[in-house]
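Let's take a walk through a protein fold together. Keep the 3D view open and turn it as you read.

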Amino acid sequence: MLVRKNYPELGEVKAPYVHAVKHGDTLYVSGLTAFATTAQQADITAQAEVIFQQLRTLAAQENTSLKNLIKVTIFVTSFTDINALRDVLYRHYGEHLPASSLVQISQLFCPDLKIEIEAIIAL
C-alpha cells in the first residue's frame, strides 16, 4: 500500500508532487531544497544544512533517523564548493554512509538554489 504524505513543518507544496511516499518499510523523499528558507540565497553548504534539517524533521515524523538513509541523490549547479559540501555530508551521515549519486545540473527551478537532495529512508 502506498501512502502519499506532506509534512506541514516543511511548508505547503504548490506543485504536482508530495513530500514523500511511504511504501511498506521505505520512505521515498522528493527532492528537497532551501527554497523559501533563510538559506535560499546562501552558499551551497548553508543550503545543504537546511535540507538535512528538513530530512531530520521527516525522519522524526516517521519514527526513524538519518542512520537509516538508504540512498541519496544530490543535484548541484556547480562543483566549485564540492569539498565544503562533502564536509557537510560526512557530518550528517556519521558512520552511516548511504548509497549516493551526485549530479551536476545547469539550474534548479529557482536561480538562487544551488543544491537539491532526494532520499530513500528505511523505516
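What follows is a tour of the sheet, then the helices, then a turn, and finally the pockets.

Keep in mind that this is a predicted model.

**The sheet**

Start with the big picture: six strands make up an open sheet, in the order S1-S2-S3-S6-S4-S5, and their pairing is mixed. S1 and S5 sit at the edges with a single partner strand each, so one side of each has no neighbour in the sheet. On average, neighbouring strands here are turned by 10 degrees against each other, ignoring direction.

Here is how some of the strands pair up, with one facing pair of residues for each.

| Strands | Sense and bridges | Facing residues |
|---|---|---|
| S1 (residues 2-5) and S2 (residues 20-23) | antiparallel, four bridges | Arg 4 and Val 21 |
| S2 and S3 (residues 26-32) | antiparallel, four bridges | Val 21 and Tyr 28 |
| S3 and S6 (residues 115-122) | antiparallel, five bridges | Tyr 28 and Ile 120 |
| S4 and S5 | parallel, six bridges | Val 72 and Ser 100 |

Try following a row of residues across the sheet. Arg 4 stands opposite Val 21 in S2, Val 21 has Tyr 28 as its bridge partner in S3, and Tyr 28 in turn stands opposite Ile 120 in S6. While you look at side chains, remember a handy rule: in a regular strand they alternate between the two faces of the sheet.

**The helices**

Which strands does helix H1 touch? H1, covering residues 44-61, packs on the sheet and touches S3, S4 (69-76) and S6. Its direction makes about 25 degrees with that of S6.

Helix H2 lies across S4, S5 and S6, and runs at about 160 degrees to S4. H2 is also part of the route between two strands. S4 and S5 pair in the parallel sense, and the chain gets from S4 to S5 by crossing through H2, in a β-α-β crossover that is right-handed.

**The turn at Gly 24**

Now go back to S2 and S3, which form a hairpin with two residues between them. Gly 24 is found in this loop, and has a positive phi of about 60 degrees. Which residues does Gly 24 touch, leaving out those up to four places away in sequence? They are Met 1 and Leu 123. You can also look from Gly 24 over to Ile 121: the two are 97 residues apart along the chain, yet their C-alpha atoms are separated by 11 Å.

**The pockets**

The largest pocket has a volume of about 500 Å³. Its lining is made of 18 residues, and those nearest its centre are Leu 10, Glu 12, Tyr 17, Thr 33 and Phe 35. Sorted by class, this lining has eight nonpolar, six polar and four charged residues.

The second largest pocket holds about 170 Å³ of space. Among its lining residues are Ile 74, Ile 82, Arg 86, Tyr 93 and Ser 100. Which element gives the largest share of this lining? H2 does, with five residues. H2 (82-93) and S5 (99-104) each supply at least two residues of the lining, so you are back at pieces of the β-α-β crossover. By class, the second largest pocket is lined by eight nonpolar residues, one polar and one charged.

Technical notes
Residues are numbered from 1 along each chain as its sequence is written. This is a predicted model: local features need pLDDT of at least 70, side-chain atom pairs count only at pLDDT 80 or more; totals for chains, interfaces and linings use all residues. Side-chain values use heavy atoms; hydrogens and water are left out. Two strands pair if DSSP finds at least two bridges between them. On a 1 Å grid over the protein atoms alone, a cavity is a set of points where a 1.4 Å probe fits but cannot get out, and a pocket is an open set with protein on both sides within 12 Å along at least five of seven lines; lining residues have an atom within 4 Å of a point. Grid points are joined across faces, edges and corners, and a volume is the space filled by probe spheres set on the points. Ala, Val, Leu, Ile, Met, Phe, Trp, Tyr, Cys and Pro count as nonpolar, Asp, Glu, Lys and Arg as charged, and the others, Gly among them, as polar. Axes are lines fitted to C-alpha atoms, for helices over the stretch in contact, and angles run from 0 to 180 degrees between N-to-C directions. Contact means heavy atoms within 4.5 Å. A crossover is right-handed if, with the strands pointing away from the viewer, the path from the first strand over the helix to the second runs clockwise.
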